[in-house]
Amino acid sequence: MRIDGARVLVTGASSGIGAATADALAAAGARLLLAGRDRERLEAVAARTGGRVLVFDIATQAKALAEQAGAVDVLVNNAGVGWAGPFAWMPPATVRHLVEVNLAAPMVLTRLLLPAMIDAGRGHIVLVASIAGAVGVGQETVYSATKAGLIGFAEGLRYEVRRMPGMGVSVLLPGVVATPFFERRGVPYTRRRPAPIPPERVARAVVAAIRHRRAESYVPGWLRLPARLRGAAPGPFRALAGRFGRM
Ligand SMILES: NC(=O)c1ccc[n+]([C@@H]2O[C@H](COP(=O)([O-])OP(=O)(O)OC[C@H]3O[C@@H](n4cnc5c(N)ncnc54)[C@H](OP(=O)(O)O)[C@@H]3O)[C@@H](O)[C@H]2O)c1
């Protein structure tokens, strides 16, 4: 898909992967709509990308966000939150919040913006999931479930639009990325391996996914190996994952 001149809505554009994706898309000539809750950070991204700022909470204001955005060519569903710790002690309200922000809001936004893309015969939906959604991660159970939900949603939606020539759906499965995500969830990433990758690397993968209409992108690429192993040999995978860590 041609990015130059495309209208692209990026959620979670105020930080980390979303801000880096906005930079990469602006460099490719996209006209940006930058969504998030932190106006100051969004304005800093807008100042360097020329994007328009849309301050909305996607958990509660997805409809208002979609109305303000209007018709877009590309929707990058990137906003997300984490929570780490034993599921038995996870506050039920936090369970609900993760599902609302990470899974329900991207589906609702897609539902609201997809019809105009179909009418125009041109559109692309991007879902920023996680390797956690493909393999499951202990202490991040609900987070893993929301990302697995996004992967399933992308697979299903792709079947629905497969005969529409101008339409595409991409799902991204990043590993550990150096962003404020861990600080925000209140539990830092302390493992040495896998080493965190810079958000710019995920941003480049998002741009390539849109441009080449890639169905699925693991970032870094070697992460497809654990995902494939879990699919092909779940028993040995679980034994190995149990020995080497939580994943
Ligand atoms: N970092 C990683 O290791 C990693 C790995 C795999 C996948 N991911 C996924 O990548 C995506 C981006 O994460 P990141 O690492 O860039 O984290 P981040 O720096 O914490 O950014 C998260 C973004 O989501 C937005 N957001 C959170 N709750 C929101 C809400 N209720 N309404 C609107 N916007 C909201 C935040 O915007 P405001 O603060 O302005 O509201 C922020 O822009 C997430 O979906 C995450 O799950 C991250």
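An oxygen atom of the ligand lies 2.8 Å from a polar backbone atom of Val177. This is one contact in a predicted model. The protein covers 98% of the 890 Å² of accessible area that the ligand has on its own. The space that the ligand takes is the largest pocket, with a volume of about 970 Å³. Apart from that pocket, the briefing covers one cavity of 30 Å³ or more, two cis peptide bonds, at Pro194 and at Pro220, and a positive phi at Gln139.

**Ligand contacts**

- Besides the backbone of Val177, two side chains are listed here, those of Asp57 and Arg184.
- A nitrogen atom of the ligand is 2.9 Å from an N or O atom in the Asp57 side chain.
- For Arg184, an N or O atom of the side chain is 2.9 Å from an oxygen atom of the ligand.

**Shell around the ligand**

- The ligand is surrounded by 31 residues.
- Ser14, Ser15, Arg37, Tyr143 and Thr179 are the closest of these.
- By class, the shell holds 16 nonpolar, ten polar and five charged residues.
- Three helices each supply at least two shell residues: H1 (16–27), H6 (141–161) and H7 (181–185).
- Helix H7 gives the largest share of the shell, three residues.

**Largest pocket**

- Which residues lie closest to the centre of the largest pocket? They are Gly80, Val81, Tyr143, Thr179 and Phe181, out of 46 that line the pocket.
- Tyr143 and Thr179 are also among the residues closest to the ligand.
- The pocket lining divides into 23 nonpolar, 14 polar and nine charged residues.
- H1, strand E2 (31–36), H4, H5, H6 and H7 each give at least two residues to the lining.
- The largest share of this lining comes from H7, with four residues.
- H7 thus recurs: the largest share of the ligand shell also comes from this helix.

**Largest cavity**

- Rolling a probe the size of a water molecule over the atoms shows where empty space is left.
- The structure holds one cavity of 30 Å³ or more.
- The space in the largest cavity is about 30 Å³.
- Its lining is formed by Thr11, Ile58, Asn77, Asn78, Ala79, Ala105, Pro106 and Leu109.
- Five of these lining residues are nonpolar and three are polar.
- No charged residue lines the largest cavity.
- Helix H4 (residues 92–120) gives the most to the lining, three residues.
- H4 also supplies at least two residues of the lining of the largest pocket.

**Backbone geometry**

- Most residues other than glycine have a negative phi, and most peptide bonds are trans.
- The peptide bond between Arg193 and Pro194 is cis, with omega about -5°.
- Pro194 sits in the loop between H7 and helix H8 (199–211).
- A cis peptide bond also runs from Val219 to Pro220, with omega near -5°.
- Pro220 is found in the loop between strand E7 (216–219) and helix H9 (224–232).
- Gln139 is not a glycine, yet its phi is positive, about 70°.
- The loop that holds Gln139 lies between helix H5 (131–135) and H6.
- H5 and H6 each give at least two residues to the lining of the largest pocket.

Notes:
Residues are numbered from 1 along each chain as its sequence is written. This is a predicted model: local features need pLDDT of at least 70, side-chain atom pairs count only at pLDDT 80 or more; totals for chains, interfaces and linings use all residues. Side-chain values use heavy atoms; hydrogens and water are left out. A residue is near a molecule or strand if one of its heavy atoms lies within 4 Å of it. A polar contact is a pair of N or O atoms within 3.5 Å; within protein, one must be able to donate a hydrogen and the other to accept it, and residues adjacent in sequence count only if both atoms are side-chain atoms. Accessible areas come from the Shrake-Rupley method with a 1.4 Å probe; for residues, only the protein chains shown count as cover. On a 1 Å grid over the protein atoms alone, a cavity is a set of points where a 1.4 Å probe fits but cannot get out, and a pocket is an open set with protein on both sides within 12 Å along at least five of seven lines; lining residues have an atom within 4 Å of a point. A molecule sits in a cavity or pocket if more than half of its atoms lie within 2 Å of its grid points. Ala, Val, Leu, Ile, Met, Phe, Trp, Tyr, Cys and Pro count as nonpolar, Asp, Glu, Lys and Arg as charged, and the others, Gly among them, as polar. Grid points are joined across faces, edges and corners, and a volume is the space filled by probe spheres set on the points.
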